[in-house]
Amino acid sequence: MNVILEHLTKKFPSRNKKQPQDVVAVNDFSLEIPDGKLIALLGPSGCGKSTTLNLLSGLLKPTSGRIFFGEDDVTDLPAEHRGVGLVFQNYALYPHLTVKQNITFPLENRKGKDKLTKQQMAEKALEAARLVQIENLMDRKPSELSGGQQQRVAIARALVKMPRILLLDEPLSNLDARLRLQTREEIRRIQRSTGITTVFVTHDQEEAMSISDQIVVMKDGVIQQTGAPQEVYDSPANLFVAKFLGNPPINVFDAQVKNQTLYIGEEGVLPVPSVEDQSVTAAIRPEGFLPKADGALTCNFSSVEIMGRDISVVSTHPCSQNATIRAIISGETPVTTGKTVRFDLKKNKVFLFSKEDGARIFF
Ligand code: ADP
Ligand code: MG
């Protein structure tokens, strides 16, 4: 089912007497989530991701705006009638119940025609447990499970009702690196096989990029950009998005445009036809550097780090906003280094942004 968020705003009253204005956690947020897709809400801590999720779940009421599940306006519908499955960072399992009892819990209190027999509940629990591959752990207590297994129980519990929408709030944060990777793939697989429209909240750009059909980058309650992960990486709408995506991070320089040429320091490094003369912020992806003995940009060489197939050339430049510049170069490419290292730049890996507001300047 598709989900529509229409001009959603959520304000919280300030508890700080010195700053009496409301906290605007989510600000005029509009988004359409297509049926059966997995969307990641991505942004730094405090940008309004959980608030947005809680507006979807019904745990919070918006200050203004509407929410639609398919044709239904659910804005005033209480959480228990929305048919959403929720998974949080801390798995919140009942410690005294077995895995099976934890999973069947959301089915226990059904009344009238929805009431299920013990047999039916057991079957549904087993089905959900199979999806997350914990069917052999049904009689254990949560304390007898690893973190990854506990999180799978929480996911099975969210799935057992066959929710209309699955909402996951930083579900992998408490897992170690290896389990995080494995559980992430698992969530993707389950989402694909069930086709449940899913919203996945994370502050981890790599997680968001790898798991989702679409990412929504947020800052201070405001959507910065929405798109397929590769689209957003390849064409960031503003400096914030450019800096938030990518590892190693994008390399940011203070630069000037003069006579349709981009200058970093004294060096003209790239033709930028159609851009007016001005000071700009130039950002270059690590894979945007081509080492060349007579390259256009001269940096002060620091070191070379071997990264398996590729190498990372580390350097500095007086105009760089990052402490070090990282260029990722294919291992086969010859690199001449001495006191300096020189690069030509790949045009489609260089982005210009306004000094005033960080908006993208296209060329
Ligand atoms: P995120 O999940 O992206 O880290 P949140 O949605 O939790 O961010 O919070 C967004 C902003 O709203 C933050 O500034 C946070 O302090 C504020 N906030 C969240 N919940 C409340 C609340 N119940 N009362 C007051 N302020 C809140
Ligand atoms: Mg949060």
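Okay, so when I say polar contact today, I mean a pair of N or O atoms within 3.5 Å. And keep in mind that this is a predicted model.

Let's start at ligand 1. With that cut-off, Ser50 makes the list: a polar atom of its side chain sits 2.8 Å from an oxygen of the ligand. Right beside it in the sequence, Thr51 has a side-chain N or O atom 2.5 Å from a ligand oxygen. Gly46 joins in through its backbone, where a polar atom is 2.6 Å from an oxygen of ligand 1. On its own, the ligand would expose 560 Å², and the protein buries 62% of that.

Which elements give two or more residues to the shell? Those are strand E2, 23–33, and helix H1, 49–57. H1 has the largest share, with three residues. The full neighbour list also includes Phe12, Val23, Ala25 and the stretch from Pro44 through Ser45, Gly46, Cys47 and Gly48 to Lys49. Sorted by class, that shell is five nonpolar, five polar and one charged.

Okay, on to the packing. The largest nonpolar core has 35 residues, and the ones touching the most other members include Val99, Ile134, Leu159 and Phe200. Helices H2, H3, H4 and H5 plus strand E7 each put in at least two residues, and H4 gives the largest share, six.

Take Leu159 as an example: leaving out residues up to four places away in sequence, Leu159 touches Leu131, Leu166, Ile190 and Ile196. Then there's another core apart from that one, with 27 residues, among them Ile264, Ile325, Ala327 and Leu345.

That's my tour, happy to pull up any of it.

How values were computed: Residues numbered from 1 in each chain as written. Chains lettered and ligands numbered in written order. Predicted model: local features only at pLDDT ≥ 70, side-chain atom pairs only at ≥ 80, totals over all residues. Heavy atoms only, no water. Near = heavy atom within 4 Å. Polar contact = N/O pair within 3.5 Å; in protein donor to acceptor, adjacent residues only side chain to side chain. Areas by Shrake-Rupley, 256 points an atom, 1.4 Å probe, with all protein chains shown as cover. Helix = DSSP H or I, 4+ residues; strand = E, 2+ residues; numbered from the N terminus. Nonpolar A, V, L, I, M, F, W, Y, C, P; charged D, E, K, R; others polar. Core = buried A, V, L, I, M, F, W, Y, C linked by side-chain atoms within 4.5 Å. Buried < 20%, exposed > 50% of the residue type's maximum accessible area, 1.4 Å probe, protein only. Contact = heavy atoms within 4.5 Å.
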